[in-house]
Amino acid sequence: MKDEPPKTGTQSESDAVKASGPGDVMPGPPASLEAVFTEAFADLREVRESTTYALSTHEVGIVTSVSTGIARVAGLPNVGFEELLRFPGEIYGIAFNIDEDDIGVVLLGNYWQLQAGDDVERTGRVVDVAVGEGLLGRIIDPLGRALDGQGALVSDERLPIERPATAIMDRARVSEPLQTGLKVIDALIPIGRGQRELILGDRQTGKTAIALDAILNQRGQDLVCVYCAIGQRASAVAKAVAVLRDNEALAYTVVVVTEGNQPPGLSYIAPYAATSIAEYFMEAGRDVLIVYDDLTQHARAYRELSLLLRRPPGREAFPGDIFYIHSRLLERATHLREERGGGSLTALPIIETEAQNIAAYIPTNLISITDGQIYLSPTLFELGVLPAVDIGQSVSRVGGKAQRAAYRVAAGDLKLAYAQFEELETFVRFGARLDEATRQVLEHGRRIRACLKQPAFAPVSVPAQITLLLALGEGLFDSLPLEKMPAAEQALYDAAATLPETICERFISANTLSDEDRQAVLDVVRQALLPFQPVADDAAIAAKEGAS
Ligand SMILES: Nc1ncnc2c1ncn2[C@@H]1O[C@H](COP(=O)(O)OP(=O)(O)OP(=O)(O)O)[C@@H](O)[C@H]1O
């Protein structure tokens, strides 16, 4: 709003001169002085006209108390829910509990610098985060501050960290697979683009390794990844980042980090900020994979904040809306319709269980929110069956429909065969006598287990996986001694690399696996496994000599 410009001295004087009649002549100022005044007033008018005036209100409240990660504020009657508030020293907080004259604020910075009596300013906006291509390859905190020492982020767009999930009508079916490069997952618990698959297990069972493997396997696939480390030890984050960097996966990945020693408010907002970063790419029509490592820490941070804010505790002292904070996060993962760009956001949340109790509060919540789970068993881990995926307790509810046709043919009855084997194996421990059929089931099962083992960070390509699964299904490994399995598997991979490109393309794109392709692959595998056969026939000896 501009004020009415006041009359200048020059105007008043000339008006006065005009008003005065010829009879009463007033003595005017000396000509030189008038010129000075005229010039000075003209300059002032120019400055005034070139300046715009905007009126703004400035609401300032006062800190009444500060505790771990929380401040109580009074004197901001118009503050909005989840509005960002500014404290001295550029510390920000989110208005979380709003009573008539008491506001509970979740702090996002060094709260130990604050004290009662400090001023608090409203910002009129909610928390947002920088998004865009410039974030790829960067390591940032949930507020978009760079942690990798490579300067400020290059981004001219920001998105609020809390956004509504995609509407039902804008969603498409999960129809394309997301290859993790892990044989046991791609074959038996397939994940589709746009799916939410939970990874859960006790501590140190290889949960992070599975998620990182899924990221590493996207190299050269035009898929963007976001790895969100929530409340983790700095050494664990450094290890994960080193794995991504060493395997050239950082270039297509954004790493969002909060460490365990940071304010719980930061851990609380981390997954929402990471999801907004991922959504930017999804809405641009790209396929995105996001890993939340892990949501147990997120739930704990939220419980800590809620208890400090004196919200009523419920089961396991978690607040009543603990289900909602995770469901509204994971609902944002989806596959968009073609009209909305066709992008997808696949979520791999991780949860830590205690003493293998998957029926605890947070694990059951997450199991019911997601479209399946990969359960990692500490028993298998101890036995050296890595990745320690417990196939019986793992499931993928929508990925099967997105799985490639060749997998369905090659791994069709693998799960059943493995389940039968596991059941029989328990009885064999009691020293039961075995008939030939049972012995065969056991031998076959042991070969399946050996083939599904895989070292961390060594993804296997689709043609190599399908070749292996076809050979397993055909029982080509059953006669091989178990100790020769790793070498035989490597020979099979080498042979798979020589398969004609047309066959490999059909593995990926064809609607089914033709008998001719299947036979062609099995012939190659038989040749490759010949040197490992224990049968001392002439052909095997000749092949062995040829190989050496
Ligand atoms: N397939 C594998 N082959 C060999 N080692 C593995 C495999 N998977 C995981 N490991 C090893 O197991 C250890 C634990 O793995 P990881 O850190 O992924 O487990 P976690 O369950 O995420 O642990 P935490 O509970 O600390 O988050 C690591 O040393 C990792 O290298």
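This text walks through a predicted model, from its confidence values to a barrel of strands and a buried helix. Residue numbers start at 1 in each chain and follow the sequence as written. Because the model is predicted, local features need pLDDT of at least 70 and side-chain atom pairs count only at pLDDT 80 or more, while totals for chains, interfaces and linings use all residues.

The confidence comes first. The mean pLDDT (the predictor's confidence in each residue, from 0 to 100) is 87 for the protein, and 90% of its residues reach 70 or more. Helices (H or I, at least four residues) and strands (E, at least two) are DSSP runs numbered from the N terminus. Among these elements, strand E14, residues 344-352, has the highest mean pLDDT, 97, and helix H1, residues 9-19, the lowest, 41. Residues 1-26 have pLDDT below 50, and this stretch makes 13 contacts beyond near neighbours in sequence; a contact means that C-beta atoms, placed from the backbone, lie within 7 Å. Where pLDDT is low, the predicted coordinates should not be read in detail. For the complex, the predictor gives a pTM of 0.85 and an ipTM of 0.97.

Next, the barrel. Six strands form a closed barrel in the order E1-E2-E5-E4-E3-E6, with antiparallel pairing (strands pair if DSSP finds at least two bridges between them). Within the barrel, strands E3 (residues 83-87) and E4 (residues 91-98) are joined by four bridges. Leucine 85 has glycine 93 in E4 as its bridge partner.

Helix H4, residues 207-216, has 10 of its 10 residues buried, meaning 20 or more other C-beta atoms, placed from the backbone, within 10 Å of a residue's own. Among them are Lys207, Asp213 and Leu216.

Note on methods: Contact = placed C-beta atoms within 7 Å. Buried ≥ 20, exposed ≤ 12 C-beta atoms within 10 Å, placed from the backbone.
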